[in-house]
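Colleague: I should like to learn how to read helix packing, exposure and core contacts from a model. May we work through an example together?

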Amino acid sequence: MQKLKENKSCLLLFSGGIDSTVLLYHLLHEGYEVIPLTVNFNGRNYKELEAVKRILKLIGISNFLEIDLPFIKEFVSLKEEFLKNYDGKFLNVKGYYIPLRNMIFVSIAAYFAEIYSIPKIFSGHTAEDVNKLPDVNIKFVNAINEALYEGSYAGKILGLKYEMPFLKLSKLDIARLAVKYSVPLKYTWSCYNSFEEHCEFCDGCKNRNLFFYFASKINK
Ligand SMILES: [Zn+2]
């Protein structure tokens, strides 16, 4: 009997930032056929999407999914809109968090996984995100996988699983991987502003610079 070829295709939630780009290189190194999925939510920095396209072109991946979700916004934009248009209580969450982001994005990825028989969905969250975001932790991942098993053909037939392979990795660990795989870090985008270059002052840039510092130490 001919042995069935192992299905190494996967979907990657890909933002064009450092973590998801390092994960893209890691998955390719592990032999995966990666189909990146990027989401254009309302207010997304267009520089991120430019980074996505630049990196994929460099690697030679032309098969990627670009999903427009114009009704999805980060809390910073929602608050402004809410205060202008509605009475009542606004859940006061600070920053660039998108409500139920991973549940929504993974569900969309699972939709395509079921159609195209793709058994894995990955996202590049790291240990640093665990305390910052409510949907980055192993219990959430397990709950999603249970829902995928109970609620989809892909879960039962393909064993579709969602994974965060970097969940226990620190910024330094990611920097090590970036150096190992020669990830073109300059092509990624981290800034919350959309100037031509990184602003160097926002939290995204501060984290980026710290990451580059780690990576430069590893190079030596
Ligand atoms: Zn910045």
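Modeller: We shall take helix packing, then exposure, then the nonpolar core, bearing in mind that this is a predicted model.

Colleague: At roughly what angle do the axes of helix H1 and helix H8 cross?

Modeller: The axes of H1, residues 18-29, and H8, residues 171-180, cross at roughly 50° and come within 10 Å. An angle that is neither under 35 degrees, nor over 145, nor from 65 to 115 counts as oblique, and H1 and H8 are therefore oblique to each other. Their crossing is left-handed.

Colleague: Which residues make the contact between H1 and H8?

Modeller: H1 contributes Asp 19, Val 22 and His 26, while H8 contributes Ile 174, Leu 177 and Ala 178. Sorted by class, this contact of H1 with H8 has four nonpolar residues, one polar and one charged.

Colleague: Does Asn 142 count as buried or exposed, and why?

Modeller: A residue is exposed if 12 or fewer other C-beta atoms lie within 10 Å of its own. Asn 142 has 11 C-beta neighbours inside 10 Å and therefore counts as exposed. Asn 142 belongs to helix H6, residues 138-151. Its C-alpha atom is separated by 8.9 Å from that of Glu 163, 21 residues apart along the chain.

Colleague: Which residues of the largest nonpolar core touch the most other members?

Modeller: That core has 44 residues, and those touching the most other members are Cys 10, Leu 11, Leu 12, Ala 109, Ala 110, Ala 113 and Ile 121. Leaving aside neighbours within four places in sequence, Ile 121 is in contact with Cys 10, Leu 11, Val 106, Ala 109, Ala 110, Ala 113 and Tyr 162.

Terms used:
Residues are numbered from 1 along each chain as its sequence is written. This is a predicted model: local features need pLDDT of at least 70, side-chain atom pairs count only at pLDDT 80 or more; totals for chains, interfaces and linings use all residues. Axes are lines fitted to C-alpha atoms, for helices over the stretch in contact, and angles run from 0 to 180 degrees between N-to-C directions. Helices (H or I, at least four residues) and strands (E, at least two) are DSSP runs, numbered from the N terminus. A crossing is left-handed if the near helix is turned anticlockwise from the far one by less than a right angle, and right-handed if clockwise. Two residues are in contact if their C-beta atoms, placed from the backbone, lie within 7 Å. Ala, Val, Leu, Ile, Met, Phe, Trp, Tyr, Cys and Pro count as nonpolar, Asp, Glu, Lys and Arg as charged, and the others, Gly among them, as polar. A residue is buried if 20 or more other C-beta atoms lie within 10 Å of its own, exposed if 12 or fewer, and partly exposed in between; C-beta atoms are placed from the backbone. A nonpolar core is a set of buried Ala, Val, Leu, Ile, Met, Phe, Trp, Tyr and Cys residues joined through C-beta atoms within 7 Å.
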